[in-house]
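Reader: I'd like a close look at one part of this model, with its surroundings filled in as you go. Could you walk me through it informally?

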Amino acid sequence: MGMSVTISAATEQDAESILKLQYLCYQSEAELYGDYGIEPLTQPLDSLRAELAGGTVLVARLGDEVVASVRGAVDADGTARINKLIVHPRMQRHGLGGRLLDAIEARLGGEGAAKSFQLFTGHRSERNLRLYRKHGYAPVSQERVGERMTLVTLAKGADAGVYATSA
């Protein structure tokens, strides 16, 4: 029987593993849009460490290996902004992204902190869009960020049934 994946809060010691995994996972996005200068591929380690210190970062581990991660923070207006949901390519399509999304929503929505959830992805990232829609997110806005990419912002209310309309 194989090992099971566990989800927990990331620690400072996970920073390098998360950054390496992020670099691996965003290669396919960079290829999809023909842009290898996207922020996830250029983010410095110090910036990731600041995110660890100032927000909520979860990791999924298979044994000792970090195989997935997600980040988020709740704004003053109660909007939980979720970003950089990454899953190692060999672990994709097994429900791990959905489990991490559920876990970060539970963490950020705990004690009523989040009134709504918001995230974004590129317009060509069909697998991401499908995952987010499956978890109750609906598109609320689009922003062209370059010649080849439009970011789609998706949102839902913290009550899970209604999506937020303010972007």
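Which residue in β4 stands opposite Val74?

Author: Opposite Val74 you'll find Ala80 in β4. Before going on, keep in mind that this is a predicted model.

Let's start with the strands on either side of that pair. Strand β3 covers residues 65–74, and its pairing with β4 is antiparallel, with six bridges. The two strands make a hairpin with four residues between them, and in that hairpin Gly78 has a positive phi near 90°.

Now turn to the other neighbour of β4. Strand β5 (residues 116–122) pairs with β4 too, but in the parallel sense and over three bridges. Ala80 turns up again here, since Phe117 in β5 stands opposite Ala80. Arg81 also has a bridge partner in β5, namely Gln118.

As for how enclosed β4 is, seven of the nine residues in this strand (79–87) are buried, so the rest of the structure largely encloses it.

Zooming out, β4 belongs to an open sheet of seven strands with mixed pairing, in the order β1-β2-β3-β4-β5-β7-β6. At the edges sit β1 (5–9) and β6 (138–144), each of which pairs on one side only. From one strand to the next, the twist averages 25°. Helix α5, residues 96–109, packs on this sheet and touches β1, β2 (56–62), β3, β4, β5 and β7 (150–157). The direction of α5 makes about 35° with that of β3. As a general point on strands, side chains in a regular one alternate between the two faces of the sheet.

For a look at another strand of the sheet, take Val59, which lies in β2. Val59 has 0% relative accessibility, so it counts as buried. Leaving aside residues up to four places away in sequence, Val59 touches Thr6, Ile7, Ser8, Ala9, Ala10, Asp14, Ile18, Val66, Ala68 and Ser69. Val5 makes a nice sequence-versus-space case: Val59 and Val5 are 54 residues apart in sequence, yet their C-alpha atoms are 9.9 Å apart in space.

Ile18, one of the residues that Val59 touches, leads us to a helix pair. Ile18 in α1 is part of a contact in which Ala15, Glu16, Ile18 and Leu19 meet Leu45, Leu48, Arg49 and Leu52 in α4. By type, the residues of this contact split into six nonpolar, two charged and no polar. The axes of α1 (residues 15–25) and α4 (residues 45–54) come within 10 Å and cross at roughly 115°, and the crossing is right-handed.

One last stop for the ring geometry. The structure holds one aromatic pair, made by Tyr132 and Tyr137 in an edge-to-face arrangement, at 6.3 Å centre to centre with 65° between the planes. The relative accessibility of Tyr132 is 7%, so this residue counts as buried. Tyr137 is buried as well, with a relative accessible area of 3%.

So, back to where you began: Val74 stands opposite Ala80, and Ala80 stands opposite Phe117.

Methods:
Residues are numbered from 1 along each chain as its sequence is written. This is a predicted model: local features need pLDDT of at least 70, side-chain atom pairs count only at pLDDT 80 or more; totals for chains, interfaces and linings use all residues. Side-chain values use heavy atoms; hydrogens and water are left out. Buried means under 20% relative accessible area, exposed over 50%, partly exposed in between (1.4 Å probe, protein chains only). Two strands pair if DSSP finds at least two bridges between them. Axes are lines fitted to C-alpha atoms, for helices over the stretch in contact, and angles run from 0 to 180 degrees between N-to-C directions. Contact means heavy atoms within 4.5 Å. A crossing is left-handed if the near helix is turned anticlockwise from the far one by less than a right angle, and right-handed if clockwise. Ala, Val, Leu, Ile, Met, Phe, Trp, Tyr, Cys and Pro count as nonpolar, Asp, Glu, Lys and Arg as charged, and the others, Gly among them, as polar. Rings of Phe, Tyr and Trp (its six-membered ring) pair if their centres lie within 6.5 Å; planes under 30 degrees apart count as stacked, over 60 as edge-to-face and the rest as tilted.
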